[in-house]
Amino acid sequence: MKLDVDVLRYLSKEDFRVLTAVEMGMRNHEIVPSELVDRIASLKHGGTYKVLKNLLKHKLVHHDSSKYDGFRLTYLGYDFLAIKTMVNRGVFASVGRQIGVGKESDIFEVASEDGTILAMKLHRLGRVSFRAVKSKRDYLKHRRSYNWLYLSRLAALKEFSFMKALEEHGFPVPNALDCNRHCVIMSLVPGYPLVQVKELQNPEMVFERIIGLVVCLAEHGLIHCDFNEFNIMIDDDENVAMIDFPQMVSVSHRNAQMYFDRDVECIYKFFGKRFNLSFEEQADHSDSAEEDAEDSSRPCFSSINKTAGFLDKELAASGFTRKDQADMDKFIEEGSDEDAVSGDEEDASDSTEAIVRDTDALHLSEQPEQIQEGDGADKDETRQRVAASRHESEAQDGSEERGECEEDACDAELVKRLNKQRRRAIAAAHGGRKALASRNSYKDKGGRSSHNSKIQKQLSGW
C-alpha cells in the first residue's frame, strides 16, 4: 500500500484516538466490534462512528461484516500511528521519498528539524511475495495465533536490537536511533547497494573485507543468513556496511553451518561473476573433502573460533537454547569447578583414611581371641580381659536383639492395621458395607421403595 502522508496533516486528535482504540482492540480480536471501539475511544455524542467513516474513506481501517460488524487496522493506519508517535518524540519532522522496497519492508527518507536526513524502515510482513514467515522466521516462538501487524512489530524490534548491539561492538552498520511499532529509524548509510556497482578499483580488497565481516560475525556468535550483494552498501571510498538484520541466527542453530556456507557462497559467486575474480579452490579437484578444506582459503564454519563474544546470548538469537546457556556458564566457571573438585578429592582421601583406621581397630579387637597361651599371672589376666570383653559384647547383642524385637512388633502391628484398612476398602468397593441412613430416610419421598411398600400393604389387606 502506498504511503500518502498528505492525509496525515488533516487527521485530528479524535481520528488518532479511534485508531488507537482499534489497535488496542486487536490485541485479542481479529475484527474489533464497533461497540468495543466506541467504548475504548469514549468520544462524546456517538462521534466514534463518524470518525470511523472518515478513517474508512482514507483506507486507514478495514470494515468487515461477515461474522459481525467490526473493523481492523490496515498497514497504512499502522504507519500513521507509528509516524505520529515519532513526530511527537521529535525524532523527525518530515517524510520524503521512498528509497527502497523489499519483500518484507519499505524504506523512506525522513528529515529531522535540523535538516539531517535519516532512513525510516517500515516492516510489512504478510505480502504475497513473503508469507512463509512461520517456517522461515522464529518471531512467533511458542505462539500459535498471530496477525501480520504483530509480526511486523516483532521483526522491527529484533532488527533494532541487533543494530544496537553490532554498532556497540564496532561493526559497520547504520546507527539505530529509535523504534516504535513496526517502524525503525536509523542513520542513512552513504553509498550504494553492491548490486548496483559495476566496477571497483580494488575488488580483491573489498572481497576480503566482506568475507572478514562474515567470519567476525560468526566469532561473535551470529550468522547473518541473508548476506548478499543486496544487503551490502559500499561508498566511493569502497568502505563496506551491512544492512537488514531480522533474520540473524545464533551459531548454535541446528542449521548454522548451512546458513554460514550459503552466505560465503553468495559472496564468492557474485565476485566471481561480476568482477571476474578467480579463486584457487575452484581449480583444485581432490578426492577428499578434508584435503579441499585444508588447501582452500575459503572460510570453514568448523574452524572458526567462536569465543570472541556472546551476542547470540545477549540478544536471544534464534537457535540459542538453554543448554547452550548452561554450557557457556560451565565454560566461564571452569576455574571454580576445578577448585571444588580438588577439595572433594581431599575430603575423599580423609574419609578413606578414617575407614582404614576403623578397620584396624576392628582387627585389634578380634585379636584377643587368638592370643596364645602364656605363663602364670599373664595368662590369668588375659583370660579375665577376654571374658570381660565377651560379656560386654553379649550385653550389646542382647540390647540390639531387644530393639529388633520391638521394631518387629511395631512392624507387625502396622502391617495388621494396614491389612484391616485394605479389607475395609475392598468391602466398601464391593458394596459389603451398609450405607449410612440419612436423617430424612423416614420421610416418604414417593420413590420406588415407597411404591413397593404400598403394594405390600394392599396385598396384606386382601
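Reader: In the sheet that holds β9, β11 and β12, what is the order of the strands?
Author: In this predicted model, three strands make up an open sheet with antiparallel pairing. β9 (192-193) and β12 stand at the edges, each with a single partner strand, so one side of each is left without a neighbour in the sheet. The order is therefore β9-β11-β12.

Reader: Which residue of β11 stands opposite P193?
Author: β9 and β11 run antiparallel and are joined by two bridges. The residue of β11 opposite P193 is M233.

Reader: At what angle does α7 run to β12?
Author: Helix α7 lies across β11 and β12. Both strands are also among the elements that cover the buried residues of α7, as are α6 (148-168), β10 (222-223) and α8 (256-274). The angle between α7 and β12 is about 35 degrees.

Reader: How far apart should the ends of helix α7 be, and how far apart are its end C-alpha atoms?
Author: Helix α7 covers residues 203-219, which makes 17 residues. At 1.5 Å a residue, the expected span is 24 Å, and this agrees with the model, because the end C-alpha atoms are 24 Å apart. Both values are 24 Å.

Reader: Which residues of α7 are buried?
Author: A residue counts as buried when its relative accessible area is under 20%. The buried residues of α7 include P203, V206, F207, I210 and I211. The others listed as buried are L213, V214, V215, L217 and A218.

Reader: Which residue with a positive phi follows α7?
Author: The phi of this residue is near 95 degrees. The residue that follows α7 is G221.

Reader: Is D244 buried or exposed?
Author: D244 lies in the loop between β12 and β13 (249-250). Leaving out residues up to four places away in sequence, D244 touches K121, E159, H224, D226 and N231. Its relative accessibility is 12%, and the cut-off is under 20%, so D244 counts as buried.

Reader: Which strand stands in the middle of the order in the sheet of β1, β2 and β3?
Author: The three strands form an open sheet with antiparallel pairing, in the order β1-β3-β2. β1 (32-33) and β2 (61-64) each have a single partner strand and stand at the edges, so one side of each has no neighbour in the sheet. The strand in the middle of the order is β3.

Reader: What is the bridge partner of D64 in β3?
Author: β2 pairs with β3 (residues 70-73) in the antiparallel sense, over four bridges. The partner of D64 is G70.

Reader: How many residues does the hairpin between β4 and β5 pass through?
Author: β4 (residues 94-101) and β5 (residues 105-111) run antiparallel, joined by five bridges. In this pairing, S94 has A111 as its bridge partner. The hairpin joins the two strands through three residues.

Reader: Which residue in the turn between β7 and β8 has a positive phi?
Author: β7 (residues 176-180) has four of its five residues buried, and four bridges join β7 to the antiparallel strand β8 (residues 183-187). A176 stands opposite M186 in β8. The two strands form a hairpin with two residues between them, and the one with a positive phi, about 55 degrees, is R181.

Reader: How far apart in space are M120 and V110?
Author: M120 is found in β6 (residues 117-123), and at 0% relative accessibility M120 counts as buried. Beyond four places in sequence, the contacts of M120 include L3, F92, F108, V110 and V184. M120 and V110 are 10 residues apart in sequence, and their C-alpha atoms are apart by 6.4 Å.

Reader: What share of the contacts in the chain, at a separation of 6 or more, comes from residues 24 or more positions apart?
Author: The chain has 15 helices and 13 strands. Of its 462 residues, 35% are buried. The share of contacts from residues 24 or more positions apart is 63%.

Reader: How many contacts beyond four places in sequence does the model have for residues 282-295?
Author: The chain averages a pLDDT of 77, and 63% of the residues score at least 70. Where pLDDT is low, the predicted coordinates should not be read in detail. Over residues 433-445 the pLDDT is below 50, and that stretch has six contacts beyond near neighbours in sequence. Over residues 282-295 the pLDDT stays under 50, and the number of contacts is two.

Technical notes
Residues numbered from 1 in each chain as written. Predicted model: local features only at pLDDT ≥ 70, side-chain atom pairs only at ≥ 80, totals over all residues. Heavy atoms only, no water. Expected span 1.5 Å × (residues − 1). Buried < 20%, exposed > 50% of the residue type's maximum accessible area, 1.4 Å probe, protein only. Contact = heavy atoms within 4.5 Å. Pairing = 2+ DSSP bridges. Axes fitted to C-alpha atoms, helices over the stretch in contact; angles between N-to-C directions. pLDDT = per-residue confidence, 0-100.
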